[in-house]
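These are my notebook entries on one protein chain. I went through the structure entry by entry and wrote down what I looked up.

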Amino acid sequence: MNFHDLVFYSGHHYRFESGIEVGGGAAKRAIRIQDSISGNEGYSVTIYDTEESEVLMADRVSMSTKPMKIVSSASDETTMRGWGIYTHPFVGIQIPYSNYGLTIYHPGGVIQKITLHMFDKNVDIEYKF
């Protein structure tokens, strides 16, 4: 699967907490995976709110850009995990990007869904067409 500049448009999402579905529904989002925008290895993953327009705009970011690397890959599924640490510029709080992950389900080379994992919160958000 080629992830060098991929955009997956989703019309529905489902939220799971500790493996139990707790919400979701119709919500237009776009998950963008591109080569690392900072020039490092791996990828940059950003999620956009596309309710009003499918144009990816900075002021419509739903999840800020996270650096991720592929940690496993099979013919029908690829898993990424965040790496590095974000340091808040004003208060100095450090947040590890490893709190985030992504699983891309692509049987037959066609993306069926993408799941965002927030490991520190035990939350998964599943994005589908």
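**Entry 1. I85**

Does I85 count as buried or exposed? I looked up its relative accessibility, which is 53%. I85 therefore counts as exposed, as the value passes the 50% cut-off. I note here that the model is a predicted one.

I then placed I85 in the chain and found it in strand 6, which covers residues 85-87. Leaving aside residues up to four places away in sequence, I85 touches Q94, I95, P96 and Y97. I also checked I85 against H13: the two are 72 residues apart in sequence, and their C-alpha atoms are 27 Å apart in space.

**Entry 2. The chain as a whole**

I listed the secondary structure next. The protein chain has ten strands and zero helices, so I recorded the order from the N terminus as β-β-β-β-β-β-β-β-β-β.

For overall dimensions, I read the C-alpha trace along its principal axes, where it spans about 40 × 35 × 30 Å. I compared the radius of gyration with the rule for a compact globule. For 129 residues the rule gives a value near 14 Å, and the protein chain has 14 Å, which agrees.

I took down the surface as well. The protein chain exposes about 7200 Å², and carbon and sulfur atoms supply 50% of that area. Of the 129 residues, 36% are buried. Among contacts with a separation of 6 or more, 40% are between residues 24 or more positions apart.

**Entry 3. The barrel**

In which order do the strands close into a barrel? I traced eight strands in the order 1-2-3-4-5-8-9-10, with antiparallel pairing. Neighbouring strands of this sheet are turned against each other by 35° on average, with direction ignored.

Strands of a sheet pair through backbone hydrogen bonds, either parallel or antiparallel. I inspected one pair towards the end of that order: strand 8 (residues 100-105) and strand 9 (residues 113-118) are antiparallel and share six bridges. Within this pair, T103 stands opposite T115 of strand 9.

**Entry 4. Strand 3 and its neighbours**

I turned to strand 3, residues 43-49, and asked how many of its residues are buried. The result is seven of seven.

In a regular strand the side chains alternate between the two faces of the sheet. I therefore looked at each face of strand 3 separately, with under 20% relative accessible area as the limit for buried. Y43, V45, I47 and D49 are buried on one side, and S44, T46 and Y48 are buried on the other.

On the side of strand 2 (residues 20-35), strand 3 is paired in the antiparallel sense over seven bridges. D35 has Y43 as its bridge partner there. With strand 4 (residues 61-73), strand 3 shares five bridges, again antiparallel. Here Y48 has V61 as its bridge partner.

**Entry 5. Salt bridges**

Side chains of opposite charge can pair when their charged atoms come close. I counted nine salt bridges and examined several of them.

The pair R32 and D5 has its closest N and O atoms 3.2 Å apart. R32 is in strand 2 and D5 in strand 1 (residues 5-17), so this salt bridge links distant parts of the chain, 27 residues apart. I looked up D5 and found it exposed, at a relative accessible area of 52%.

What does the salt bridge between R60 and D49 tie together? I found that R60 lies in the loop between strand 3 and strand 4 while D49 lies in strand 3, so the pair ties together parts eleven residues apart in sequence. The closest N and O atoms of R60 and D49 are 3.2 Å apart. R60 counts as partly exposed, at 21% relative accessibility, whereas D49 is among the buried residues of strand 3.

I also looked at E126 and K128, whose side chains meet in a salt bridge at 3.6 Å, N to O. E126 is buried, with a relative accessible area of 13%, and K128 counts as partly exposed at 31% relative accessibility.

Last, I followed salt bridges that share partners. They join R29, D49, E51, E52 and R60 into one network.

Notes:
Residues numbered from 1 in each chain as written. Predicted model: local features only at pLDDT ≥ 70, side-chain atom pairs only at ≥ 80, totals over all residues. Heavy atoms only, no water. Pairing = 2+ DSSP bridges. Helix = DSSP H or I, 4+ residues; strand = E, 2+ residues; numbered from the N terminus. Axes fitted to C-alpha atoms, helices over the stretch in contact; angles between N-to-C directions. Buried < 20%, exposed > 50% of the residue type's maximum accessible area, 1.4 Å probe, protein only. Salt bridge = Lys/Arg side-chain N within 4 Å of Asp/Glu carboxyl O. Rg over C-alpha atoms; globule rule 2.2 N^0.38 Å. Contact = heavy atoms within 4.5 Å. Areas by Shrake-Rupley, 256 points an atom, 1.4 Å probe, with all protein chains shown as cover.
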